[in-house]
Number of protein chains: 4
Amino acid sequence: MAIRSIRATVYYHLEPRARPRGLSLANKLIALVILTAAFLAILETEDSLREPHETLFVSIQLGFGVFFLIEYVLRIWAAADDPRFQGKRLGRLHWMLTPSAIIDLVALAPLFVTFASTGLYWVRFARILRILRIVRLGRMSRAFDSIIHALYERRFELFIAFIIAFLLMLFSATLLYFAEGEAQPEAFGSIPRSMWWAIVTLTTIGYGDVYPVTFLGKACAALIAISGIGVIAMPTGILAAAFSDAMQKRDDE
Amino acid sequence: MAIRSIRATVYYHLEPRARPRGLSLANKLIALVILTAAFLAILETEDSLREPHETLFVSIQLGFGVFFLIEYVLRIWAAADDPRFQGKRLGRLHWMLTPSAIIDLVALAPLFVTFASTGLYWVRFARILRILRIVRLGRMSRAFDSIIHALYERRFELFIAFIIAFLLMLFSATLLYFAEGEAQPEAFGSIPRSMWWAIVTLTTIGYGDVYPVTFLGKACAALIAISGIGVIAMPTGILAAAFSDAMQKRDDE
Amino acid sequence: MAIRSIRATVYYHLEPRARPRGLSLANKLIALVILTAAFLAILETEDSLREPHETLFVSIQLGFGVFFLIEYVLRIWAAADDPRFQGKRLGRLHWMLTPSAIIDLVALAPLFVTFASTGLYWVRFARILRILRIVRLGRMSRAFDSIIHALYERRFELFIAFIIAFLLMLFSATLLYFAEGEAQPEAFGSIPRSMWWAIVTLTTIGYGDVYPVTFLGKACAALIAISGIGVIAMPTGILAAAFSDAMQKRDDE
Amino acid sequence: MAIRSIRATVYYHLEPRARPRGLSLANKLIALVILTAAFLAILETEDSLREPHETLFVSIQLGFGVFFLIEYVLRIWAAADDPRFQGKRLGRLHWMLTPSAIIDLVALAPLFVTFASTGLYWVRFARILRILRIVRLGRMSRAFDSIIHALYERRFELFIAFIIAFLLMLFSATLLYFAEGEAQPEAFGSIPRSMWWAIVTLTTIGYGDVYPVTFLGKACAALIAISGIGVIAMPTGILAAAFSDAMQKRDDE
């Protein structure tokens with residue numbers, strides 16, 4: 001009886017679904033640890049920071065790995081209290097196969113990979129996996145839902161807007177390949193090469209590593225740049241409409 | 001009778017209009033071939049890819065050309081089942097003069113041009129024509145319609161927004177011609193030259209190949225840059241309004 | 001009587017207000033001539049075009065000048081038929097003092113300035129004046145009205161958005177002056193100098209002539225860049241709302 | 001009695017809350033002085049302007065300091081007429097602890113700091129404090145309120161949009177660290193280093209100080225750039241929806 005009530009308490013504090021609203025202190029602590037682990041994994045890629053503190057970084061990694069392992073074991077144990085799997089046979093195994101539990105398991109990998117790794121490649125791979133932990137934060141929040149819903153409602157219009165943007169990029173790259181290809185073969189000597197210019201220009205990034213220098217190339221690029229305002233304006237307009245409608249529906253309810 | 005029913009089947013599978021909803025397997029295959037042909041035409045412009053595999057590329061071109069030729073002949077044959085031209089005399093000729101059929105015919109040109117070409121220019125021209133094939137995909141989809149409708153409804157406001165943007169560009173180019181012309185005659189020595197700067201700046205691309213260096217030029221450019229936020233904001237705002245209204249009407253129906 | 005009816009005809013064809021809708025052939029011709037004159041005035045600033053054809057350009061200028069002079073005289077004469085000034089004493093003088101008539105008069109200046117000018121400065125000034133002619137096109141169109149109305153309705157919100165953008169620019173310039181001033185005194189050695197960077201960054205132009213190089217400078221700039229998304233988003237959002245409402249009202253009527 | 005009525009007049013003219021609408025002449029004068037003081041504080045950071053006129057700048061600073069001191073003393077005195085604190089004991093002290101009064105007091109600091117300062121650092125700090133004076137202008141206007149309200153209403157959606165933008169930046173930085181890290185260790189050799197590129201790219205600033213040069217890096221960057229359109233489009237869409245709704249509610253009332 002005592003163990004049962006401890007398990008129920010653990011479930012209540014670890015599982016965000018168990019509470020009608022808000023996060024428990026334990027959830028907040030776990031979120032903080034995930035963010036810290038992700039932040040350290042990012043910092044660790046910087047050689048000038050990692051090399052003088054190699055042992056420190058490895059120890060912290062180990063600490064976080066053990067923390068996530070304990071949390072994962074506790075969650076398996078408490079999964080018996082999950083109303084979705086409570087009556088079922090092999091309820092815990094069912095829980096382990098839910099997408100969020102699989103992400104948790106994958107996020108544990110770096111702990112073991114660190115020990116097993118012999119080559120540089122795996123260590124790098126482990127690092128990127130650890131960043132996946134941050135994804136778990138998404139599960140703790142019901143907040144993304146409304147934005148995801150608005151995006152989903154207009155997925156079709158957004159897709160067409162991206163197709164139009166892509167076709168304009170292709171057309172621009174082809175045009176500049178003919179106009180500028182001979183003057184700058186390195187940057188515009190083929191349509192795939194021009195494509196880099198077209199994307200950098202039509203998204204209005206404009207690094208300045210490639211730009212037309214001939215009169216014809218500049219004239220074409222000017223027309224493309226002006227018509228390219230629509231490349232940004234169209235998805236923005238569609239999203240603005242989506243959010244406006246989503247909010248109005250929420251207010252009407 | 002047998003041939004008639006084969007023709008009806010061919011018509012049903014080749015013509016997207018024949019089906020109330022969705023694309024047939026044949027339509028999807030043709031779309032895939034068009035995309036692949038366009039993709040290869042793009043890759044072919046890259047000398048470092050084409051030169052070692054010249055024969056391969058020519059063979060693939062030939063294959064696609066024959067594929068599109070067969071498709072075109074089949075479509076002429078099946079056009080007799082098109083309800084638009086069914087009763088008419090010379091129904092197939094009428095079909096050949098529809099815009100979509102003309103695009104199909106033009107997209108066949110590269111096949112013959114490849115054989116007939118003697119100079120480099122025509123080969124290049126053939127390549128760009130082949131990219132036109134991708135336009136045919138548009139015909140297969142009724143999806144562009146809603147976006148095109150929203151753009152058409154506000155074509156007037158969008159036109160004015162582009163006129164305002166153009167006038168601001170002209171004004172900016174004139175201002176910088178006076179402010180910066182003497183310091184940088186190569187980039188700002190005339191209004192047409194300054195126009196390149198004005199377009200690159202007001203679309204917020206900002207390559208960095210030309211920018212003012214004098215104090216007066218920078219002061220003018222700063223004011224222009226700030227007021228230029230509206231150049232992007234205005235068409236975006238108009239499009240947002242257009243999509244919002246279009247969606248609301250669709251929901252009301 | 002005959003002269004009266006000729007004058008009424010001239011008034012009807014020259015004055016866009018005289019017709020309930022659309023532009024007369026004469027209006028369209030004048031608009032075309034204004035655009036051509038403006039286009040030539042722009043081209044003329046390019047020395048490599050003007051110098052070999054100096055006489056041609058001067059002759060065309062003269063031709064346009066005489067054309068606008070005749071038009072202006074005809075308009076004064078026909079102003080007697082303008083219902084606004086018909087009964088009044090000195091009606092034509094009243095007409096000459098309307099803003100649109102003053103713009104017409106100013107646009108005539110280049111004709112006389114070309115002859116009277118002795119120094120280079122005046123010729124340049126004349127050129128910029130001639131571009132003013134294009135402003136007259138605005139008078140011929142009732143199209144700007146709806147956009148101007150939407151902008152006017154939200155002039156207050158737009159003003160605040162620009163104030164916020166300006167304060168953010170000032171704050172960013174101050175921050176980078178402290179963070180980066182010592183490393184790059186030329187570009188960030190004072191707040192006015194940093195201001196150029198702040199404007200180029202927050203409008204997302206990003207020429208690349210100045211950018212932070214120290215770690216602290218980059219960290220500050222990164223935060224500023226992210227918060228600067230709002231600088232573009234805010235006026236766009238306000239304009240989108242303005243156009244959406246303006247269109248809805250138009251549809252409701 | 002006479003002093004009381006003078007105090008009431010001073011309160012009426014100094015305190016914007018005392019008037020139902022608009023600003024008194026005294027308020028406008030103070031606003032102008034604040035703006036001028038801020039403008040001079042900005043100019044003073046430019047050595048080429050300050051050094052030849054050191055005495056002039058110090059004198060003007062002193063003048064403004066005394067002006068703000070007198071204003072502050074007058075406001076303390078007149079605070080007795082503030083209806084919020086009129087009946088209370090230590091009403092003036094209560095007034096001094098209101099946020100706006102604290103900002104006023106802090107804005108006085110530069111006056112004393114200028115005299116007391118012995119090192120360069122404090123003078124710089126004093127300058128930045130003086131720019132805080134401009135914040136006081138915000139207090140004089142009820143105009144920010146409507147925009148602040150719209151932002152507050154959607155603070156949640158905006159926060160999520162920024163989280164999504166940040167995660168996309170992190171993902172982009174990680175991707176480019178793997179794709180480009182070996183070719184350009186200086187710019188992409190760690191995730192924090194790549195982060196600078198990711199932020200400059202996804203906000204579409206694109207200075208051009210760092211950009212991918214390998215094929216894999218360019219391919220990744222192209223995909224990131226296209227998906228990054230959403231980074232700008234999402235907050236813009238949310239804000240557009242917020243302003244549209246806020247205006248509609250205002251019109252309905």
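**Note on the predicted model: annotated spans, helix packing and chain copies**

1. In chain A, the end C-alpha atoms of residues 194-213 are 14 Å apart, and this span is 45% helix and 0% strand. The model is a predicted one, and the values in this note should be read with that in mind.

2. The span just described belongs to a set taken from a record: in an unreviewed UniProt entry, the annotation "transmembrane region" covers residues 25-43, 95-113, 156-179, 194-213 and 220-243 of chain A. Another of these spans, residues 156-179 of chain A, is 100% helix and 0% strand, with its end C-alpha atoms 34 Å apart.

3. Turning to chain C, helix 10 (residues 155-180) and helix 12 (residues 191-202) pack with their axes 8 Å apart and at an angle of about 125°. Because that angle is neither over 145 degrees nor within 65 to 115 degrees, helix 10 of chain C is oblique to helix 12 of chain C. The crossing of these two helices of chain C is right-handed.

4. On the side of helix 10 of chain C, the contact with helix 12 of chain C is made by F166(C), L168(C), M169(C), L170(C), S172(C), A173(C), T174(C), L176(C) and Y177(C). Helix 12 of chain C contributes I191(C), S194(C), M195(C), W197(C), A198(C), I199(C) and L202(C). Sorted by class, the residues of this contact between helix 10 and helix 12 of chain C comprise 13 nonpolar, three polar and no charged.

5. A second packed pair in chain C is formed by helix 1 (residues 2-14) and helix 4 (residues 54-78), whose axes lie 9 Å apart at an angle of about 120°. Helix 1 and helix 4 of chain C are therefore oblique to each other, and helix 1 of chain C passes helix 4 of chain C in a left-handed crossing.

6. The contact of this second pair involves I3(C), I6(C), R7(C), V10(C), Y11(C) and L14(C) from helix 1 of chain C, together with E71(C), L74(C), R75(C), W77(C) and A78(C) from helix 4 of chain C. Eight of the residues in the contact of helix 1 with helix 4 of chain C are nonpolar, none is polar and three are charged.

7. Finally, the chains may be considered as copies: a turn of 90° and a shift of 0.0 Å along the axis lay chain A on chain D with an RMSD of 0.1 Å. Chains A and D are thus related as by a four-fold rotation axis. Chain B can likewise be laid on chain A by a turn of 90° and a shift of 0.0 Å along the axis, with an RMSD of 0.1 Å.

Notes. Residues numbered from 1 in each chain as written. Chains lettered and ligands numbered in written order. Predicted model: local features only at pLDDT ≥ 70, side-chain atom pairs only at ≥ 80, totals over all residues. Heavy atoms only, no water. Axes fitted to C-alpha atoms, helices over the stretch in contact; angles between N-to-C directions. Helix = DSSP H or I, 4+ residues; strand = E, 2+ residues; numbered from the N terminus. Parallel < 35°, antiparallel > 145°, perpendicular 65-115°, else oblique. Left-handed = near helix turned anticlockwise from the far one by under 90°. Contact = heavy atoms within 4.5 Å. Nonpolar A, V, L, I, M, F, W, Y, C, P; charged D, E, K, R; others polar. Least-squares fit on C-alpha atoms with pLDDT ≥ 70 in both. UniProt positions renumbered as here; feature names shortened; annotations may be inferred.
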